[in-house]
Amino acid sequence: MPLLAQCLSLKKNQLHFFNNAGASPSAPKVLETIHAHLQLEICEGGYGAANTVKEDGRLDHVYSAVANLINASSPMEVALVESATVAWTRAFYSMADYVLEKSLLEFKETPLKSAPLERVILVSEAEYAANIVAIVKFCSDQNRRYGEFVQWNVYLIPSTKSSDCDDEEESTTGIIDVGDFRMILAGSVSLSCIQEVKLGNDNDKKGIKSADKLLDPSSIAIVCVTHIPTNSGIINPVCEVGKLIEDYNMKSRSASSKPQIFYLVDACQSVGQIAVDVQEMRAHAISATGRKYLRGPRGTGFLYMVNTLTDYICPIEVDHVAAPISFRIDESGGLAIDIKYSSGARRFEYFESNISSRLGLGAAIDHLNESGGICKIESQIKDLASKLRKLLQNIDNVVLFHNHKSVELCGIVTFKVRGIESYIIKEAMATSESVDGDRFELSVVPRTSTPIDSSNTKTCDLVRASLTYFNTDDEIERFGAKLRCFIEDIHKTV
């Protein structure tokens, strides 16, 4: 029996997937699509197979499927990449490099150079560690190289205060306070009221911050927001934030049509879980992965960048596909290389790619649409997660994280158990005590995965259960029963 058929036919010792925010299992259609292309590569070779799917439109279909899923204006606003992190970093570094070059030129043309220009990056409290480390390292590096001309600072967008959660130590919700953000853009927030984020060895940096200084909104270069974080079920108000940024950019726009503030959204946990509409979001770029709620293959993801930016935002790393070349002998007899960037977001792609996995990503989006569409799926996921939260609240010693009653939460449920390390819970739930016993795949979210949120809430490593539309009420009940028994047994022995 083929391996795929064996996996799909297993009944005993069943593994229940409660880790869909990590790597959700692909539907058979996805695996069949990947396998079919690999078979084509055997018959026609890698290049021949790639040419075949380009010519018959199968690869174009993937771009169109992504564009339709997020309501992009055109498939040319989509780049297919290896992961959400690859997508995010390519967008961020390109935006930041553009701002840096523009700022250095502005400083050079400033007649009275008494102090360096200030450039600010604002981040959400729920930002991923991968994003934070890229941001603070970029700022630290540029301050070391060009600090006398341009000074970079990173500040936290305040979150709403927590008043209705299960954990008394949680002081904030992790959800952006739209009112405070509006005040930041209005120039009426003091720097003393905003948390700064920086590398630990940057304490000797020449700071511009003072107790009575207001954050100048004209210094804001990039706003980075994680739509849904890895460590909780909160949903950030990305559309409200985007509208405020758009309004500010419209008011501050001079002769140039280019925005002053770039808006970058990490949507790796939201795409495939809830409806994502880039038109309503007004983001200049979003990043997403295939392996989470889209149920696509690992090693896939995409970058969306609005077409008005790709006219002038250039990737900082390119190959001959992202930037096709021509060459000529110049007047001195040297070889002159001319480049012209590829159109649209595809300038952020490289020549080498896994075509079978990209086709698998397209098949995953097709399967999502065939399963009722994203709006139906979103409703199912939120309903299942709500049932799981209610069940966990009735188990002694379980403490839910960011379980705010007054806001709508998504399919990610995180918790800790008093007196038991999270990794022990994860391992116990994945182990079957009998041949017919249930096994549940969970994840442990290290507190370092969301450093700002973890620091401000003083949380520990958390157990994460992330549900999707193929999970059932029965699975949730069985999960609760097994967890309750395990906790009771552990506490009896203590």
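Reader: What classes of residue make up the lining of the second largest pocket?

Author: One thing to keep in mind as we go: this is a predicted model. By class, that lining has 8 nonpolar, 4 polar and 7 charged residues.

Reader: How much space lies in the second largest pocket?

Author: About 500 Å³. The pocket is lined by 19 residues, and the closest to its centre are A50, K54, F351, S353 and I355. Helices α3 (28–55), α4 (58–70) and α10 (355–370) are the elements that give two or more residues to the lining.

Reader: Which element gives the largest share of the lining of the second largest pocket?

Author: That's α3, with 6 residues.

Reader: Helix α4 came up there. Is A65, which lies in helix α4, buried or exposed?

Author: Buried counts as under 20% relative accessible area. A65 has 8%, so A65 is buried. You can also use A65 to see that distance along the chain is one thing and distance in space another: A65 and Y93 are 28 residues apart along the chain, and their C-alpha atoms are separated by 27 Å.

Reader: Let's turn to the sheets. What is the order of the strands in the open sheet of 8 strands?

Author: Read across the sheet, neighbour by neighbour: β2-β11-β10-β9-β8-β3-β4-β7, with mixed pairing. An edge strand pairs on one side only, and here the edge strands are β2 (78–81) and β7 (196–197).

Reader: How many bridges join strand β3 to strand β4?

Author: There are 7, between β3 (residues 117–123) and β4 (residues 150–156), and the two strands run parallel. To find your place in that pair, look for E118, which stands opposite Q151 in β4.

Reader: What does β10 pair with on the β9 side, and how do the two strands run?

Author: Strand β9 (residues 262–266) and β10 run parallel and are joined by 3 bridges. One pair to look for is D266 with its bridge partner S287 in β10. On the other pairing, β10 and strand β11 (residues 301–305) run antiparallel, with 5 bridges between them. There, A285 has M305 in β11 as its bridge partner.

Reader: How many residues of strand β10 are buried?

Author: In β10 (residues 285–289), 5 of its 5 residues are buried. Check the faces one at a time: A285, S287 and T289 lie on one side, I286 and A288 on the other, and both faces are covered.

Reader: What about the open sheet of 4 strands: what is its order?

Author: The order is β14-β15-β18-β17, with antiparallel pairing. Its edge strands are β14 (398–400) and β17 (443–445). Neighbouring strands in this sheet are turned by 40° against each other on average, direction ignored. At the β17 edge, 3 bridges join β17 to β18 (residues 462–466), and these two run antiparallel. In that pair, S443 stands opposite R464 in β18.

Reader: Last topic, cysteines. Why is C139 too far from C224 for a bond?

Author: A disulfide needs two cysteine sulfur atoms within 2.5 Å. The closest cysteine sulfur to that of C139 is in C224, 9.3 Å away, so this is too far for a bond. C224 is in no disulfide either. By that rule the count comes to 0 disulfides.

Reader: Are C139 and C224 buried or exposed?

Author: C139 counts as buried, at 3% relative accessibility. C224 is buried too, with a relative accessible area of 0%.

How values were computed
Residues are numbered from 1 along each chain as its sequence is written. This is a predicted model: local features need pLDDT of at least 70, side-chain atom pairs count only at pLDDT 80 or more; totals for chains, interfaces and linings use all residues. Side-chain values use heavy atoms; hydrogens and water are left out. On a 1 Å grid over the protein atoms alone, a cavity is a set of points where a 1.4 Å probe fits but cannot get out, and a pocket is an open set with protein on both sides within 12 Å along at least five of seven lines; lining residues have an atom within 4 Å of a point. Grid points are joined across faces, edges and corners, and a volume is the space filled by probe spheres set on the points. Ala, Val, Leu, Ile, Met, Phe, Trp, Tyr, Cys and Pro count as nonpolar, Asp, Glu, Lys and Arg as charged, and the others, Gly among them, as polar. Buried means under 20% relative accessible area, exposed over 50%, partly exposed in between (1.4 Å probe, protein chains only). Two strands pair if DSSP finds at least two bridges between them. Axes are lines fitted to C-alpha atoms, for helices over the stretch in contact, and angles run from 0 to 180 degrees between N-to-C directions.
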